[in-house]
Amino acid sequence: MNDLFNIDDDILKKSDEALRLCSDRFKNIDEITEYNQLKVQKAFIDNKISESYFASSTGYGYGDRGRETLDKVWAQVFGAESALVRHNFTCGTHTLSTALFGVLRPGDKMLCVSGTPYDTIHNVIGITGQGMGSLKDFGVEYSQVELKNDRLDNKAIEEAVDDSVTMVYIQRSRGYELRPSLSVEEIGKVSEIAKKKNPDVIVMADNCYGEFVQTHEPTQLGADLVAGSLIKNAGGGIAQTGGYIAGRADLVEKCSYRLTTPGLGGEVGATLGHNRELYMGLFYAPHTVGEALKSAVYISALYELFGYSITPKYNEPRYDIVQSLGLENEESLVAFCQGIQSGSPIDSFLLPEPWDMPGYDSKVVMAAGAFTLGSSIELSADAPIREPYYAWIQGGLNFHSAKICALLAAQRMKDRGLLK
């Protein structure tokens, strides 16, 4: 390694120790990856995917077989009735917003049961940003069930769900919180509880960062609707943009009317040559997620050995690709992110600095030297500049490139006298 990168011997010794600690978890990740890869491969075979499906459509995009069949492949992989997979979803928040506005109507009530949701969805719901066209502006009521000891409070959820609740909303990943991410089994239990109280309730899961981390998806254990981004797990590091919605056919159809227009829905939309990368991204996604999980497990083990607070620990179950790392002060937080950036294949020469990032309520420092701007299946590290000064790390197209980034981050911290 030191033929190419100058890493101190004591850091390399910690790295070797971390790798030994991770060996059993790596085997488990490989087993999940293999199952998910076979699941995706079977869907490609069953739907008779051919090169002709990669052809570009223009204008209205009527009769685009590639687009229509990709939806079918996606639905099969997710165990859903239907899916809407499009390159013109601009990000995960846009995709989630399309789903929420697609199925909720004035007078409906949305109940988030996983505490306060991720920062960028606040304006969509109307928690902040009233007057911007939020759900609240359109007469959709919102309430939430707080977590209990950082876990879902199923008793409180059961009490909160009644005939007035239209949608139970669950955020699978932790966002900028230290609470654990949610398993598909936990989401399934919420679905069971909610539908027992109100059989007509819609259970929707924000699936960002969670795709292919387990062998099943929330739609296979009771969720009616899931949505996510293609520049996270589900695009395999190949999709350049886009998002997906999957679930009950009637709900997905309503979402398609929000994406385009009532009456046209998913029947229109030129693919402009993006079909190939969306198919290929889905095919690569299970393997790429496995590499990202290995990267997170290794970083967890390495920095625990250095003496930092981490969550989840390297040997704990994982239900998303996010790793949280407590760096204790702003200087260490920024140095860590700058070290991650220094090993990135793109823009390695830049120094990330805290800035006022749109959609966030405090300054954010972000390391993201990615082939696709904002891609968080590629290794990135970001953090709001606020106590307790945790970095949130996600992604890694391949484990070995993420490993050197983690070591360079430790080296930068040590060079500045900040590493424990």
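Tutor: Buried means under 20% relative accessible area, exposed means over 50%, and partly exposed covers what lies in between. The model discussed here is a predicted one.

Student: Why is Asn329 called partly exposed?

Tutor: Its relative accessibility is 26%. The cut-offs are 20% and 50%, so Asn329 counts as partly exposed. Asn329 sits in the loop between β9 (322-326) and α9. Tyr390 is 61 residues from Asn329 in sequence, and their C-alpha atoms are 8.6 Å apart.

Student: What makes Glu186 count as buried or exposed?

Tutor: Glu186 has 18% relative accessibility. Buried requires a value under 20%, therefore Glu186 counts as buried. This residue belongs to helix α6 (residues 184-197).

Student: Which residues does Glu186 touch, not counting those up to four places away in sequence?

Tutor: Glu186 touches Arg151, Leu152 and Ser181.

Student: Now the helix pairs. How do you know whether α2 is roughly parallel or roughly antiparallel to α8?

Tutor: The axes of α2 (residues 65-77) and α8 (residues 275-306) cross at roughly 15 degrees and come within 10 Å. Angles under 35 degrees count as roughly parallel, so α2 is roughly parallel to α8. Their crossing is left-handed.

Student: Which residues make that contact?

Tutor: From α2 come Arg65, Gly66, Arg67, Thr69, Leu70, Val73 and Trp74, and from α8 come Asn275, Leu278, Tyr279 and Leu282. By class, the contact of α2 with α8 has 6 nonpolar, 3 polar and 2 charged residues.

Student: What makes α8 roughly parallel to α10?

Tutor: α8 and α10 pack at about 25 degrees, and their axes are 9 Å apart. The limit for roughly parallel is under 35 degrees, so α8 and α10 meet the term. The crossing of α8 and α10 is right-handed.

Student: Which residues of α8 and α10 are in contact?

Tutor: On α8 they are Glu291, Lys294, Ser295, Tyr298, Ile299, Leu302, Tyr303 and Phe306; on α10 they are Phe399, Ala402, Lys403, Ala406, Leu407, Ala409, Ala410 and Met413. The contact of α8 with α10 divides into 12 nonpolar, 1 polar and 3 charged residues.

Student: Why are α9 and α10 called oblique to each other?

Tutor: Helix α9 (residues 330-342) packs on helix α10 (residues 399-415) at about 135 degrees, with axes 7 Å apart. Roughly perpendicular ends at 115 degrees and roughly antiparallel needs over 145. The angle of about 135 degrees fits neither class, so α9 and α10 are oblique. α9 passes α10 in a right-handed crossing.

Student: What residues make the contact of α9 and α10?

Tutor: The α9 side has Ser332, Ala335, Phe336, Gln338, Gly339, Ile340 and Ser342, while the α10 side has Cys405, Ala406, Leu408, Ala409, Arg412 and Met413. The class counts for the contact of α9 with α10 are 8 nonpolar, 4 polar and 1 charged.

Student: Which members of the largest nonpolar core touch the most other members?

Tutor: Of its 101 residues, they are Trp74, Val168, Tyr244, Tyr298, Tyr303 and Phe336. α8 supplies the largest share of this core, 14 residues. Apart from it lies another core of 26 residues, including Cys112, Val124, Leu251 and Cys255.

Note on methods. Residues are numbered from 1 along each chain as its sequence is written. This is a predicted model: local features need pLDDT of at least 70, side-chain atom pairs count only at pLDDT 80 or more; totals for chains, interfaces and linings use all residues. Side-chain values use heavy atoms; hydrogens and water are left out. Axes are lines fitted to C-alpha atoms, for helices over the stretch in contact, and angles run from 0 to 180 degrees between N-to-C directions. Helices (H or I, at least four residues) and strands (E, at least two) are DSSP runs, numbered from the N terminus. Angles under 35 degrees count as roughly parallel, over 145 as roughly antiparallel, 65 to 115 as roughly perpendicular and the rest as oblique. A crossing is left-handed if the near helix is turned anticlockwise from the far one by less than a right angle, and right-handed if clockwise. Contact means heavy atoms within 4.5 Å. Ala, Val, Leu, Ile, Met, Phe, Trp, Tyr, Cys and Pro count as nonpolar, Asp, Glu, Lys and Arg as charged, and the others, Gly among them, as polar. A nonpolar core is a set of buried Ala, Val, Leu, Ile, Met, Phe, Trp, Tyr and Cys residues joined through side-chain atoms within 4.5 Å. Buried means under 20% relative accessible area, exposed over 50%, partly exposed in between (1.4 Å probe, protein chains only).
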